[in-house]
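This report covers the domain layout, one helix and two backbone angles.

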Amino acid sequence: MDPAIGLTPYDVHKHVGFLKHLMIRTGRNISTGTPEVMVNFVTSCYKPDVLMPLVDKITKIPEVVSVINNVNSSVGNSSVGEQEYTLYGKPNITEMLRGLAFQISANSFFQTNTKQADVLYKLIEDSAGLKGDGSEIVLDLFCGTGTIGLTFARRAKHIYGYEVVPEAIEDARKNAKLNGINNATFVQGDLNKINESFGKEFPKPDIIISDPNRPGMHMKLIKWLLEVKAPRIVYVSCNPATCARDLDYLCHGVEEKDLRGFYELKSVIPVDMFPHTPHIECVCLLELR
């Protein structure tokens, strides 16, 4: 609160100030099970000398194992910075999910409710209906840190994951190595900007998992899904409106784009991921007609 220290809050109207966001992520030490806390300061510029007195106080808390500074110099309100600096400890924390260990960095996506994420991922696995004989190719779209695909890996022939955030792909590759999984390939790419070459670098998938963010899937991706005709698609969504739109496209086609639908919606299971809010995740199973 002391203006002399220089920790001024960022004013979104005047575009002045230093502190933009504070993000706190928690995980667990995989050896001891004790809590791990990452503190991420998002600032408008890089001034480590201004932050360090605060960092020194925070790191007296034993659970704090990582202090990160993301620098977002743009006028936008994003919590993801153009530059990332580790001010204390490790650049990531770990969490356990469905018997696997996952490294999580400041900017990579990981479900906020780990207990319900376990429930969610079991439903996704059940919906996918893997044979378990190691014969099937799984394509994991919007894969984040690889959590969904890696939980399938021991029952599949190969997992191919796609994600736009480079840090998340880096985490996904580390997570595969951390868990001794060798049949997973993670590729950094924007699924909203795919072209004719997309799909050439992997075999035809038997199962596709798609877990887009709130805007849902781009029409280019819908078109590709209707062309490749995988036997099963598991669509995971945090936005029922765009979920309903995309399911409609996959089942009934898009008349104005001259696209035919080829899928039948078999089940929709809502999961309460965010207690005391109206928000849910939906796990939807589509099968080729």
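Domain bounds here come from an automatic or database domain assignment. On that basis the chain holds domain 1 (19-91) and domain 2 (109-288). The C-alpha centres of domain 1 and domain 2 are 30 Å apart.

The model is predicted: local features need pLDDT of at least 70, side-chain atom pairs count only at pLDDT 80 or more, and totals for chains, interfaces and linings use all residues. Residues are numbered from 1 along each chain as its sequence is written, and side-chain values use heavy atoms, with hydrogens and water left out.

Helices (H or I, at least four residues) and strands (E, at least two) are DSSP runs, numbered from the N terminus. Buried means under 20% relative accessible area, exposed over 50%, and partly exposed in between (1.4 Å probe, protein chains only).

In helix 1 (residues 48-58), the buried residues are Val50, Leu51, Val55 and Ile58. Viewed down the helix axis, they fall within an arc of 125 degrees and so line one face of helix 1; the arc is that of the directions from the helix axis to the C-beta atoms. Asp49 and Lys57, on the other side of helix 1, are exposed. The buried residues of helix 1 pack against strand 1, strand 2 (35-43), strand 3 (64-71) and strand 4 (83-89), where contact means heavy atoms within 4.5 Å.

Two histidines have positive phi values.

| Residue | Phi | Location | Relative accessible area |
|---|---|---|---|
| His15 | near 60 degrees | segment before strand 1 (19-28) | 40%, partly exposed |
| His276 | about 65 degrees | loop between strand 12 (263-271) and strand 13 (281-288) | 86%, exposed |
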